[in-house]
Amino acid sequence: MSDASKPFADRRLHFIGIGGCGMSGLALVARELGAQVSGSDAKNTIYTQSLKRNGVTGVTIGHNEASVPDAPAEIVFSSAVKPENIERAEAVRKGLGELHRSELLTQITSLHETVAVGGAHGKSSTAALLAHVLSWCGKDPSYVVGALLRPPGVHAAAGAGGTLVIEADESDKSLLSYHVHTAVVTNVDLDHVGDGGGYRDIADVAKVLEEFAARAHVTVVSSQAAEHLRPHVSNLTVVDPELIDGEPMRFRLDGEVYEVNQPGVHQMHNAALVVYVARARGCSAADIRTALLSFPGLARRFELRGKTASGARVYDDYAHHPVEVAAALAAARQVAGGGRVLAVFQPHLFSRTQQFQTEFLDALSAADRAWVEPVYPAREDPAQWAHVAESLATDAAGRGPVMAMSRGRADLAGQLGRVAREGDVVMLIGAGDVNTLAEVLVT
């Protein structure tokens, strides 16, 4: 068992899987709270690189019994790290305490007045924007978000202002254990089927978010989320911005006009939630306006990677749900103006692809041309899901000629090089490694 009451300054924490976005953020905050931190991961990631840039040493690549510290120490692990992992097994042999990452985050939420951002889509973007705005306004928050801010490339900090901003992930229902003052719900939608949360339909998701909202002192939600939560949660604050005709990046809230620097209607709805919470925490409208326009954006969230030799702009987006794909393409259409939108989509997880195959391809039809890559398997065994790969290929081929399955990265890069022209927008969409295609396309 872990000694949760022990001050962080007296703790030695070893993170197995430290290269994940959530784990690396917790490691940064724990280190800044005074803990001695080390960790390991199977591979080098943008997050292990971020840890190194931010002064966390003792990170090893590859799992090895020798990396496990001697007692007294605690092991922190994610759901992806199974008991048979050699470092977890060695920790048991040494008699070390164990903490799931959600348990450590729960401990950290007990030290702060926590603002937790939940919902199916936009958690990372909304939490990061809120952390940025509060920081800009001098509130010095702590935060842990699930994606790197574009330069300076951080996603976690332990501030002295007393407020903690986190994402509240519903996939495994761990959000119900957090100590939450203000719950923010961006939207309610079905995802994470088969991820361990036990969700069968959107009603199951709504029930978990209802409980999350009901446990908070204050609940701030979008109008879409309110449709699902209002019958069961009292005292909701519904934030519904007024979008301004002819000004696609400006909205009005409580008589004040604000502007975002990220395209897409969804960005304005997320920003409106941020504005409301920031105002409630003492930020002025003028400071918030400046902060919104200075937001650097997140890596892999509609991130401009550069231009092709012909002048087409290449964007990378982490969208991995049909609603997110549709939002990314709508934003691309806004940016493209008179140019075309060329989309490359890499589905993430066979189980998700099976659940939403039709919806994914329907969303992709908003592009002028679209290519579908093979499914990124992540933690799933492709041999067990061959029927999904075959169904996806058949469905995509049947939607030609504007949609096709990719015949491989080299062939796809060649096609895009020939097809894309100045004024076009090339969207690389997915939570796998489709983003690496930008390294070939961008000159």
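Is Asp191 counted as buried or exposed at 4% relative accessibility? Asp191 counts as buried at that value, where buried means under 20% relative accessible area, exposed over 50% and partly exposed in between, with a 1.4 Å probe and protein chains only. The analysis rests on a predicted model, in which local features need pLDDT of at least 70 and side-chain atom pairs count only at pLDDT 80 or more, while totals for chains, interfaces and linings use all residues. Residues are numbered from 1 along each chain as its sequence is written, and side-chain values use heavy atoms, with hydrogens and water left out.

Asp191 lies in the loop between β10 and α6; helices (H or I, at least four residues) and strands (E, at least two) are DSSP runs, numbered from the N terminus. With residues up to four places away in sequence not counted, Asp191 touches Tyr199, His321, Arg352 and Phe356, contact being defined as heavy atoms within 4.5 Å. The C-alpha atoms of Asp191 and Val388 are separated by 18 Å, and the two residues are 197 residues apart along the chain.

Helix α6 (residues 202–215) contains Phe212. This residue is buried, with a relative accessible area of 2%. Beyond its neighbours within four places in sequence, Phe212 is in contact with Ala116, Gly118, Ala168, Leu175, Leu176, Val180, Ala183, Val184 and Val185. One of these partners, Leu176, is 36 residues from Phe212 in sequence, and the C-alpha to C-alpha distance is 5.6 Å.

Seven strands form an open sheet in the order β8-β7-β9-β6-β10-β11-β12, and the pairing is mixed. The edges are occupied by β8 (156–157) and β12, each with a single partner strand, so one side of each is left without a neighbour in the sheet. Two strands are taken to pair if DSSP finds at least two bridges between them. In general, strands of a sheet pair through backbone hydrogen bonds, either parallel or antiparallel. Within the seven-stranded sheet, strand β10 (residues 182–185) runs parallel to β11 and is joined to it by four bridges. On the β12 side, β11 and strand β12 (residues 236–239) likewise pair in the parallel sense, over four bridges. Val221 takes part in both pairings: Val185 stands opposite Val221 in β11, and Val221 in turn stands opposite Val238 in β12. From β11 the chain crosses through helix α7 (residues 223–229) to β12, in a right-handed β-α-β crossover. A crossover is right-handed if, with the strands pointing away from the viewer, the path from the first strand over the helix to the second runs clockwise. Four of the five residues of strand β11 (residues 218–222) are buried, so this strand is largely enclosed by the rest of the structure.

A comparable description applies to strand β2 (residues 36–41): five of its six residues are buried, so β2 is largely enclosed by the rest of the structure. Strand β1 (residues 12–16) is joined to β2 by five bridges, and the two run parallel. In this pairing Leu13 stands opposite Val37 in β2. A right-handed β-α-β unit is made by β1, helix α1 (residues 21–32) and β2. Strand β3 (residues 59–61) also pairs with β2 in the parallel sense, over three bridges, and Asp41 stands opposite Ile61 in β3. Helix α2 (residues 46–53) lies between β2 and β3 in a further right-handed β-α-β unit.

An open sheet of three strands has the order β13-β14-β15, with antiparallel pairing. Its edge strands are β13 (242–243) and β15 (256–259), each of which pairs on one side only. Strand β14 (residues 250–253) and β15 are antiparallel and are joined by four bridges, with Val257 in β15 as the bridge partner of Arg252.

A search of the whole structure finds two cavities of 30 Å³ or more. A cavity is a set of points, on a 1 Å grid over the protein atoms alone, where a 1.4 Å probe fits but cannot get out; lining residues have an atom within 4 Å of a point. Grid points are joined across faces, edges and corners, and a volume is the space filled by probe spheres set on the points. The largest cavity has a volume of about 120 Å³. Its lining includes Ser125, Leu129, Val260, Gln267, Phe295 and Arg301. Helices α5 (123–136) and α8 (265–280) each supply at least two residues of this lining. The lining residues divide into six nonpolar, five polar and one charged, where Ala, Val, Leu, Ile, Met, Phe, Trp, Tyr, Cys and Pro count as nonpolar, Asp, Glu, Lys and Arg as charged, and the others, Gly among them, as polar.

Notes:
On a 1 Å grid over the protein atoms alone, a cavity is a set of points where a 1.4 Å probe fits but cannot get out, and a pocket is an open set with protein on both sides within 12 Å along at least five of seven lines; lining residues have an atom within 4 Å of a point.
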